[in-house]
There are 4 protein chains.
Amino acid sequence: MPAPLTLVALLHGPDRPGLVARVAGWIFARGGNILHADQHRDMEREVFFQRVEWAPAHRAAARERRDFEAFAATLGMTARVASSTHRPKGALFVSRADHCFHDLLLRWRAGEFAGDFGCVISNHRDLAAAARHYGLPFHHVPVTPRTKAAAEARQLRILRAAGAEFAVLARYMQVLSPGFLKKFGRPVINIHHSFLPAFAGARPYHQAHERGVKLIGATAHYATAALDDGPIIQQDVARVTHRHSVEDLVRKGRDLEKLVLAQAVRWHLDNRVLVYGRKTVVFD
Amino acid sequence: MPAPLTLVALLHGPDRPGLVARVAGWIFARGGNILHADQHRDMEREVFFQRVEWAPAHRAAARERRDFEAFAATLGMTARVASSTHRPKGALFVSRADHCFHDLLLRWRAGEFAGDFGCVISNHRDLAAAARHYGLPFHHVPVTPRTKAAAEARQLRILRAAGAEFAVLARYMQVLSPGFLKKFGRPVINIHHSFLPAFAGARPYHQAHERGVKLIGATAHYATAALDDGPIIQQDVARVTHRHSVEDLVRKGRDLEKLVLAQAVRWHLDNRVLVYGRKTVVFD
Amino acid sequence: MPAPLTLVALLHGPDRPGLVARVAGWIFARGGNILHADQHRDMEREVFFQRVEWAPAHRAAARERRDFEAFAATLGMTARVASSTHRPKGALFVSRADHCFHDLLLRWRAGEFAGDFGCVISNHRDLAAAARHYGLPFHHVPVTPRTKAAAEARQLRILRAAGAEFAVLARYMQVLSPGFLKKFGRPVINIHHSFLPAFAGARPYHQAHERGVKLIGATAHYATAALDDGPIIQQDVARVTHRHSVEDLVRKGRDLEKLVLAQAVRWHLDNRVLVYGRKTVVFD
Amino acid sequence: MPAPLTLVALLHGPDRPGLVARVAGWIFARGGNILHADQHRDMEREVFFQRVEWAPAHRAAARERRDFEAFAATLGMTARVASSTHRPKGALFVSRADHCFHDLLLRWRAGEFAGDFGCVISNHRDLAAAARHYGLPFHHVPVTPRTKAAAEARQLRILRAAGAEFAVLARYMQVLSPGFLKKFGRPVINIHHSFLPAFAGARPYHQAHERGVKLIGATAHYATAALDDGPIIQQDVARVTHRHSVEDLVRKGRDLEKLVLAQAVRWHLDNRVLVYGRKTVVFD
C-alpha cells in the first residue's frame, strides 16, 4: 500500500488575526483534510509560524503546491510546500571519521528518513569502499588551502550532477566557504562536536577536558557564512567526570554526534525545521 | 496590566475531515483570534483531540464558553472550555513528608500555577503550622481502617466548603476509595514514587533497591478506582548505582517527586491535559 | 607502543576490617603498582566488593593471577582476575533486526571493546552476508519449538568450536533454555526492549503504548533461567508523548537498545561488572 | 544511635608507585578500617588523587587527623582531613530571588547536608523574615559601587563572627572581589545560571534565548578571582524549544539552579570535591 499523498507547508510572516482559520479554511474549501497543524507565535517580534500537513482531495500535488504558495503570499506569508511523493536527494560529505557516516547510511537503509542520499564526497579516500558497499558513488575531492577554490567548484559540479537538494557534513572537518554555500543555495546540515556556543572552533573535546566541564555536548546546525554560528537544529549532552580522558570524551562524543545529527536530518527531511533569523522553529 | 482574557478548549471525539477548519472558522467568524492550536489524531482509534486557545472579541466569556461547547456537540465532540479569568481552587492532601508540600506551595507563591490552593488536609498534624504559615487553613482528618468511611465523608465536606475544583495528593500515602473519587467528581492528581508500571504498590524504593535497577522514577497520574493505574500525566527518572542505599534512593526520589508532581499540576491547571481512556494527551 | 600489561581483579566476600589494606599490601609487596581501585560495601548484608587494577612488576601474568586468586581465598574472598593481554572472544546471536548487530560490530571495529566477536549465530539467514562483510563466520541455526533442543545442542558446539567466552543476544528474540545457559557456563548478555521490570515479556513497546507511559526504556542484563529477571547491567530511557505511535516507539527504542547494549558489553569486557545475587555491582 | 566517628581524607600529589598500599597500610596499622576509598590518576600530569574514609580505632579524631596529614606530607602529598563529628558552619548569601534560598534551607532542615547554615547575608531585605523563620540571623548589607569595599569588610566581620567555614552564593547576583575571597580564605560556592562556559556574564537566559539553543543549563562552581571561571563542581541542562519564552527559560532554569547548587553543596560538605587547578575531582 503506497503512503497516501500529503502536503506539508512551512509558512511564516507577520502575525495577524485569523491566520489559522484562513489557512484551514483554504484547505477545507478545496476538499483537503488537515492531518497535523502546529503553529507558533514569536510574541516579541509578532511573527507567525505554522507547519500544516494535509491530504489534498486529488493527486495534482504540483498545482496545489503552487496554489497554496500563491495564497500564502496574499496573507503576507512566505510558504514552502513539500509533497510526500517527492523524496529529496542529498549529498554526504565525510572525511576520515566513519561513525556518523555509517550511522546515517544504516538509518537511511532502515527507512528512517523521508529522503535519500545520492553520493558521498570526501577529501580522503578512506571511506570509498564503504560508500560503494552502500550503493553510493564516492567522489574523492582533495582539499588544500591552495586548491580549495577549485575543489569547491568541483564539489558544486558533483552536487548539481547528482541533483542534490541538501547536504550533510558528517564530521567533514573542512569549512565550506560563504561563496560555496551561496552558490549551492540549499540547506547544509553540520554537526559540531560541542554544546555550542561553548567550545566553538577546533578541538572542542580538548577544550572541554581542559576546562573541566561535567557535561559534553554536540550540536547540529545549518551551515552559514558565520562559522559554528548557524541556526541550531538539535543539541544533546552526556555526563562526564574527571575519570574521563580526552579519548573517552571523544568516544562518548561519537554517540552524541550520531544521535544529534540523525535527529536533525530526520526533522529536516520531515519538513519540521523552519529557519528564522539565527534560530530555528522545530515542529516536532 | 491585566492579562488579556483568553479561552482554552480541550475537545475530542470521532475524527472526520474538516474539524480543524470548522473550529478555527467558528472562532474567526465571531471575531476571535486563535493564539495556540494543537491537535492530535489517534490513528488506530480514529479519535481527534484538540487544544485551542483564543482571545474572544468581547469579554462575555461565560456565553462564549457555552456557545463553543454547544458548537462542539454539533460536531460530535466533547469539549471543556476554561477561561483565563477563572483560577481554579484546589485542596492539598499531605501526610508527614513535607517535600512536595513545600515545593508546591513555594511554586504557588512564586506564581508558577494558573490556580490556587485553598486548604490543606492531612491525616497527621505535623504540617499544621507550616500550612498556616503559607496562609492556608489546615484540616486534621485522622484515618484508620475503622474510621475511613467517616473520614472520607468529612474530607468531602471540607472539599465542598472550600469549593475545591481539584485535589493534589502530595505523598498523602492513603488510598482514596472509589466512592470518594466518584462523589468528589473532580480531578485528583497523585504522585507515585516509582516509574509505573514498575514497582506499583507499597515501598517502591525498597523494591527498586532489591531488584538492582539502574534508574529510579516517579509518576504523576490521575487517581482512579484502579490503584496506581490511573492515566499517567508525567514521569521522570534518575540514575542510581549499587552505591546508593535505600535511603539515597529515597532522597534522590524526593527530587524526582517534586519535579514530576509540580509539572503535572502546572499542566493540569494550564488545561493541557486531556484524559482519554487510561491515557492522557498532554498538549505541552 | 603496546599497552602495558595490567591485571584486573573482581573480588567479593564477607566484609571484615583491613581488606583494602591487605589487597593493596599484597600487590605492593610483589612490586606491583595499583592503577585503579574501587570498592563497595553492602552495609545490610556485610559484603565487600572490590575491583582493583594493577601493573605487575613482571609479565608473568598467569602466575600472578593464580597467586592472587589463592591469596583472595585466604581472605575468604572469591576473586576473578583478568589480564589485559587476553582479549575474550564472544559469539553474537541475532535474528532479523540488524540495528544492534551493526552497532556492536562497528564499535568493535572502531576499537571500543576489550574483546572480540568470533562468530554470528542466527535463526534467520538475513544477516549472513553482512556478518561475512565484517569478516565473521555466520551460522544459520533455525529454531522451532520442535527442534529447539537440537538447535541448542548445535549452538553449543559452535560456541565451543569458536572458543566463545561470552555471548551477546543482540535482539535474538529467542529464549535460551536454562539447560543451555548452564552448559555454556559463560556470561550471556541480553537486551530487553523495556525498562525492566516494567513490560517484561513480549511486545513491550505495544504494552508501553497501551499504558500511555511518558518514557520508554531498554535494559541490558545477564540472561538467567528466570526470563527477563537476570541481573541488570545498564538501563536508559527516552521521552515519548501521545504523538508517538508504536512504530515511533520502536524507532526510538532502537537507539536506546544500541546504546544500552553497547555500554553493557563494554563494561563487561572491561571487567567492571560483578554479579551478586540478582544484582550487579558496576565499577564504572 | 550516634553515627560512628569516621575520618575523610582528600589528598593529592605527584603520582608514584605504592601510594594506595601505603595509605591503606598506615590506616590499617593503626587499627582503622577503611570504609570507602576512591582514587584517580591524571595520566597526563602524573598526579594522584584520593578520597579515603575510615573508622579509626579510637575517638581521638584530632590527633589522627594531624598524624595523617603529617604522614601524607612524607609521601609528598597534600592532605585535608575532615571528621564526621565536625559539622562545618556556612553563610548563605542571597539577594531577592528565593528559590535556591528555600531549597537549600529546606534540604538542610531535612538533614540532607553534613553541615549547617549559620546566617544569611543579603543586599536586600526581602528574605529577612523568611530567614528568621528558619531560625537564622539575617544580615542586611547593602552594596553599591561606592560602598562595596565597606560592605565587603562588614561581610567579612559577619563571616568571622559566625565562624563560617564556607559560603554559598544562592543567586546573590553580586561579584565578590578577589580581595574578599582571599581574606575569607574559605570555599565559596556559586551558582551560575547557564551551562558554562557558554553564556558567561550577565543575563544568560536572554543570551540563550537570543541564540536559539535547544538546552539551557546551570553550573555550580567555586568562586575565584576569575569571574564565572572557577572550578566547576556540577552542571545540568534542561531541554527547551522555540515555544519557550525568556520567562519560561527563567522558570525552568530555577529548577536546574536548585538541583545543581544543592548537589554541589552536598558533595562539598561530604568532602567529595578536590580542587585541582581550574578543575575539580568529584569523588561521587
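A salt bridge, for this talk, is a side-chain nitrogen of Lys or Arg within 4 Å of a carboxyl oxygen of Asp or Glu. Side chains of opposite charge can pair when their charged atoms come close. Hold on to that, as we'll come back to it a lot.

Quick housekeeping. What you see is a predicted model, where local features need pLDDT of at least 70 and side-chain atom pairs count only at pLDDT 80 or more, while totals for chains, interfaces and linings use all residues. Residues are numbered from 1 along each chain as its sequence is written, chains are lettered from A and ligands numbered from 1 in the order in which they are written, and side-chain values use heavy atoms, with hydrogens and water left out.

Okay, let's start where chain C meets chain B. How many salt bridges does the rule find across the interface of chain C and chain B? There are 8. One of the pairs between these chains joins the side chains of Glu210(B) and Arg45(C), at 4.0 Å from N to O.

As for contact, meaning heavy atoms within 4.5 Å, 36 residues of chain C touch 36 residues of chain B. Buried area is the accessible area, taken with a 1.4 Å probe, that two parts lose on being put together, summed over both. For chains C and B that comes to about 3,200 Å², with carbon and sulfur atoms giving 50%. If you want three residues to click on, try Arg211(C), Lys214(C) and His242(C): they supply 23% of the area that chain C buries against chain B, more than any other three residues.

There are polar contacts here too. That term means a pair of N or O atoms within 3.5 Å; within protein, one must be able to donate a hydrogen and the other to accept it, and residues adjacent in sequence count only if both atoms are side-chain atoms. Across the C and B interface the rule finds 22 residue pairs of this kind, both residues at pLDDT 80 or more.

Which elements of chain C give two or more residues to that side? They are β2 (33-42), α7 (204-211), β11 (232-239) and β13 (279-282). Helices here are DSSP runs of H or I with at least four residues, strands are runs of E with at least two, and both are numbered from the N terminus. β11(C) gives the most, with 7 residues. By class, this side of chain C has 14 nonpolar, 8 polar and 14 charged residues. Nonpolar covers Ala, Val, Leu, Ile, Met, Phe, Trp, Tyr, Cys and Pro, charged covers Asp, Glu, Lys and Arg, and the others, Gly among them, are polar.

Now swing round to where chain D meets chain C. This contact takes 18 residues from each of the two chains. Chain D and chain C bury about 1,500 Å² between them, 58% of it on carbon and sulfur atoms. Phe28(D), Asn33(D) and Arg41(D) supply 29% of what chain D buries there, more than any other three residues. And the salt bridges? The rule finds 0 across this interface, though it does find 8 residue pairs in polar contact, both at pLDDT 80 or more. On chain D's side, α1 (19-29) and β2 (33-42) are the elements giving two or more residues, and β2(D) has the largest share, 8 residues. That side divides into 9 nonpolar, 5 polar and 4 charged residues.

Zooming out, a search of the whole structure finds 80 salt bridges over all chains. Let me show you a couple. Glu112(A) pairs with Arg266(A), the closest N and O atoms being 2.7 Å apart. Glu112(A) sits in the loop between α3 (99-109) and β6 (116-122), while Arg266(A) is in helix α8 (residues 246-269), 154 residues apart. Both Glu112(A) and Arg266(A) are buried, meaning under 20% relative accessible area (exposed is over 50%, partly exposed in between; 1.4 Å probe, protein chains only). They also belong to a network of salt bridges with Asp103(A), Arg107(A), Arg254(C), Asp255(C) and Lys258(C).

The other pair joins Arg239(D) and Asp236(A), 3.3 Å from N to O. This one crosses between chains, from strand β11 of chain D to strand β11 of chain A. Arg239(D) counts as partly exposed because its relative accessibility is 38%, and Asp236(A) does too, at 26%.

Last stop, α3(A). Of its 11 residues, 10 are buried, including Asp103(A) and Arg107(A). After α3(A) comes Gly111(A), with a positive phi near 80 degrees. That's my tour, thanks!
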